[in-house]
Each structure stands twice: as structure tokens, then as C-alpha cells.
Amino acid sequence: MPEPYIRTALPDDDEELSALDRATWSSLHAVMPRPQPPYDPFFSERHAPEDTLVAEVDRRIVGYVRLGLAYKLASNAHVRQIQGLAVAEEVRGRGVARALLRAAMEEARRRGARRIRLAVLGHNTPARRLYESEGFAVEGVLPGEFFLDGEYVDDVVMGRPL
């Protein structure tokens, strides 16, 4: 597989990103119920195209990462938060998520951030390993924060300096 091309999302990517989001839905990482028609648009007031990076392989979007402010406070403007990361099943394990994560950290730096953080479900071992390998450390655990598939699942907050 060729290296993924990482770029800022465009408004025209909405439908393809929405389809990818639905295709990658899993209780391993999602706390919301499985999306049902009619589907919401991918972009909204909360998530603009310029806050999303996409990974393309052969001109097809195979992943994305959303980057936002942790809080909308001037005193916290130096912190960015990863607010979603997804990779198409057929390209998992080929470095797409790592490339997106690194691009998100670089974009956060470019925007003046000094720290980056994220939340990951406690049972999402593959994601936690990826984040740890990229320098993220556990900064807090919210025990039993979510009830998913009949089990209580921890929410793990991870972060790192940029």
C-alpha cells in the first residue's frame, strides 16, 4: 500500500467521511448508538472541515482525525484535543492511524498548541497501544463511565506535551 496522503478535509468530503464513519462504527470506540438513517452530516457547527485531517490512498479517503479545542477558554487555548479518529478496516495495521495522529500533532503545534489530549475507552487496547507508542500517557481514568454491550467501560484520558 502506498503511503497515505494527509490533507485538510474539504466541505465536499462530507458524504464520503459520513460513510466511513458509519462503516467504522464499533462499541470498541463509540459511545453513541450505531447511526441510523436519516444520517447526520459529518460536518457541523461543532466539527468544521478545517478541523479534520483526512488520509487518502489512491484518491480514496481511508481515515480521518478530528482536532479541536479542549475547552473554549483563553486560558486553555494552548491545548488541543483529538475528537475522533477512524481508519477503514481494509487498511488497518498499515500505518494510517499513526500518520493521522502525527499529522494532528503537527497541526496542533502549527496552531500554537503546547499540549494535546484525547479520551479512549479502556477496552480499546489497539488504540491505547498506538497512543502510548506516540508519547501519550494516561492522565486520568473515569471508572465505569460508559455502559456498552452490557458492560461498564472506563474512559481513559491521555495526553502529552507537544
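Me: A residue is called buried when its relative accessible area is under 20%. In this predicted model, why does Phe-42 count as buried?

Reply: Phe-42 has 4% relative accessibility. The cut-off is 20% and the value lies under it, so Phe-42 counts as buried. Phe-43 is buried as well.

Me: What makes Phe-42 and Phe-43 an edge-to-face pair?

Reply: Two criteria apply: ring centres within 6.5 Å, and planes over 60 degrees apart. A search of the whole structure finds four aromatic pairs. In one of them, Phe-42 and Phe-43, the centres are 5.2 Å apart and the planes stand at 85°. Both criteria are met, and the pair is therefore edge-to-face.

Me: How do you know that Phe-42 and Tyr-64 also form a pair, and which parts of the chain does this pair link?

Reply: The centres of Phe-42 and Tyr-64 are 4.9 Å apart, with 80° between the planes. Since the limits are 6.5 Å for the centres and over 60 degrees for the planes, this pair too is edge-to-face. Phe-42 is in the loop between α1 and β2, whereas Tyr-64 belongs to strand β3, 22 residues away in sequence. Tyr-64 is called buried because its relative accessible area is 5%. Phe-42, Phe-43 and Tyr-64 together form one aromatic cluster.

Me: Why is Leu-67 called buried, and what does this residue touch?

Reply: Leu-67, in strand β3, has 5% relative accessibility, which is under 20%, so the residue counts as buried. Apart from neighbours within four places in sequence, its contacts include Arg-80, Ile-82, Ala-104, Ala-108 and Ile-116.

Me: How do you know that β2 and β3 are paired?

Reply: Pairing requires at least two bridges between the strands. Strand β2 (residues 52-57) and strand β3 (residues 60-69) are joined by six, and therefore count as paired; they run antiparallel. Within this pairing, Leu-53 stands opposite Val-65 of β3. Helix α1 (residues 14-23) lies across both strands and runs at about 90° to β3.

Me: What makes β1 and β6 edge strands?

Reply: The open sheet has seven strands in the order β1-β2-β3-β4-β5-β7-β6, with mixed pairing. β1 (5-8) and β6 (137-148) each have a single partner strand, so one side of each is left without a neighbour in the sheet. Neighbouring strands of the sheet are turned by 25° against each other on average, direction ignored.

Me: What joins β6 to its partner β7, and what is found in the turn?

Reply: Eight bridges join β6 to β7, in antiparallel direction. Because two bridges suffice for pairing, the criterion is met. Ala-137 stands opposite Gly-159 in β7. The two strands form a hairpin with two residues between them, and Asp-149 in this turn has a positive phi of about 50°.

Me: Why are Asp-58 and Arg-59 called exposed, and what is the sign of phi in each?

Reply: Exposed means over 50% relative accessible area. Asp-58 has 67% and therefore counts as exposed. Arg-59 has 79%, so the same term applies. Both Asp-58 and Arg-59 are placed in the loop between β2 and β3. Phi is positive in each: near 50° for Asp-58 and near 65° for Arg-59. Most residues other than glycine have a negative phi.

Me: How do you know that the bond from Pro-37 to Pro-38 is cis or trans?

Reply: Omega is near -5° for this peptide bond, and the bond is cis. Pro-38 is found in the loop between α1 and β2.

Me: How does the span of α2 compare with the expected value?

Reply: Helix α2 (residues 96-110) has 15 residues, and the span expected at 1.5 Å a residue is 21 Å. The helix reaches 21 Å from its first C-alpha to its last, close to that expectation. Its buried residues include Leu-100, Leu-101, Ala-104 and Met-105. Just after the helix, Gly-112 takes a positive phi of about 95°.

Me: Which residues touch the most other members of the largest nonpolar core, and which element gives the largest share?

Reply: This core has 36 residues, of which Leu-17, Ile-82, Tyr-131 and Phe-136 touch the most other members. The largest share, seven residues, comes from α2. Phe-136 touches, among others, Ile-82, Leu-101, Met-105 and Tyr-131.

Key
Residues are numbered from 1 along each chain as its sequence is written. This is a predicted model: local features need pLDDT of at least 70, side-chain atom pairs count only at pLDDT 80 or more; totals for chains, interfaces and linings use all residues. Side-chain values use heavy atoms; hydrogens and water are left out. Helices (H or I, at least four residues) and strands (E, at least two) are DSSP runs, numbered from the N terminus. The expected span of a helix is 1.5 Å times one less than its number of residues. Buried means under 20% relative accessible area, exposed over 50%, partly exposed in between (1.4 Å probe, protein chains only). Axes are lines fitted to C-alpha atoms, for helices over the stretch in contact, and angles run from 0 to 180 degrees between N-to-C directions. Contact means heavy atoms within 4.5 Å. A nonpolar core is a set of buried Ala, Val, Leu, Ile, Met, Phe, Trp, Tyr and Cys residues joined through side-chain atoms within 4.5 Å. Rings of Phe, Tyr and Trp (its six-membered ring) pair if their centres lie within 6.5 Å; planes under 30 degrees apart count as stacked, over 60 as edge-to-face and the rest as tilted.
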